[in-house]
Amino acid sequence: MALLYDWGFYVKPGRREDFLRWLEENESRLVELAPKNYEYIGTYRSLSPEPCDFHQVWRYGSERPPDLRAAAADHSGAFTDVAREYLGFVDTSREQEEEFRLYRGAIEPF
């Protein structure tokens, strides 16, 4: 069973262009260094009015509940490094406004 994990977050004030530049230069590292059972799908901006600046989407392919932070800790230090760089742009003062969504394919049985 594959799940999609969607994390909506805010970028620190004044860092949007830096974040977009970093993402352009480093997104391939997120793909290649993803922890076991995780596939980085991408970071997206919503085209409709959305409370969050960006959404990071992962495909998760395991029977256990997803926990990206635990998976990162079990993976190589390289993923932890790239994740730390990415998270350096996230506005942690707005964590209470972040969104987390989990999706499962509509045709899979419940």
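**Ile41, a surface patch and the core**

Ile41 lies in strand E2, and the model we're looking at is predicted.

Trainee: Is Ile41 buried or exposed, or something in between?
Mentor: Buried would need under 20% relative accessible area, and exposed would need over 50%. Ile41 has a relative accessible area of 30%, so it counts as partly exposed.

Trainee: Which residues does Ile41 touch, not counting residues up to four places away in sequence?
Mentor: Let's start with distance: Ile41 and Gln56 are 15 residues apart in sequence, yet their C-alpha atoms sit 7.8 Å apart in space. As for touching, with residues up to four places away set aside, the partners of Ile41 are Val57, Trp58 and Arg59.

Trainee: What is the accessible area of the nonpolar surface patch that has Ile41 in it?
Mentor: Ile41 shares that patch with Leu4, Tyr44 and Tyr103. Tyr103 comes from strand E4, residues 99-104, and at 39% relative accessibility Tyr103 is partly exposed. Together the four patch residues have an accessible area of about 340 Å².

Trainee: And inside, which residues touch the most other members of the largest nonpolar core?
Mentor: That core has 21 residues. At least two of them come from each of strand E1 (3-9), helix H1 (16-32), strand E2 (38-44), strand E3 (54-60) and helix H3 (77-87). Touching the most other members are Phe9, Phe19, Trp22, Leu30, Phe79 and Tyr86.

Trainee: Which of those six core residues does Phe9 contact, leaving aside its neighbours within four places in sequence?
Mentor: The contacts of Phe9 include Thr43, Cys52, Phe54, Val90 and Glu98. From the six, Phe9 is in contact with Phe19 and Tyr86.

Definitions and conventions. Residues numbered from 1 in each chain as written. Predicted model: local features only at pLDDT ≥ 70, side-chain atom pairs only at ≥ 80, totals over all residues. Heavy atoms only, no water. Patch = residues over 30% accessible without salt bridge, like charges linked within 9 Å, V, L, I, M, F, W, Y side chains within 5 Å. Areas by Shrake-Rupley, 256 points an atom, 1.4 Å probe, with all protein chains shown as cover. Salt bridge = Lys/Arg side-chain N within 4 Å of Asp/Glu carboxyl O. Helix = DSSP H or I, 4+ residues; strand = E, 2+ residues; numbered from the N terminus. Buried < 20%, exposed > 50% of the residue type's maximum accessible area, 1.4 Å probe, protein only. Core = buried A, V, L, I, M, F, W, Y, C linked by side-chain atoms within 4.5 Å. Contact = heavy atoms within 4.5 Å.
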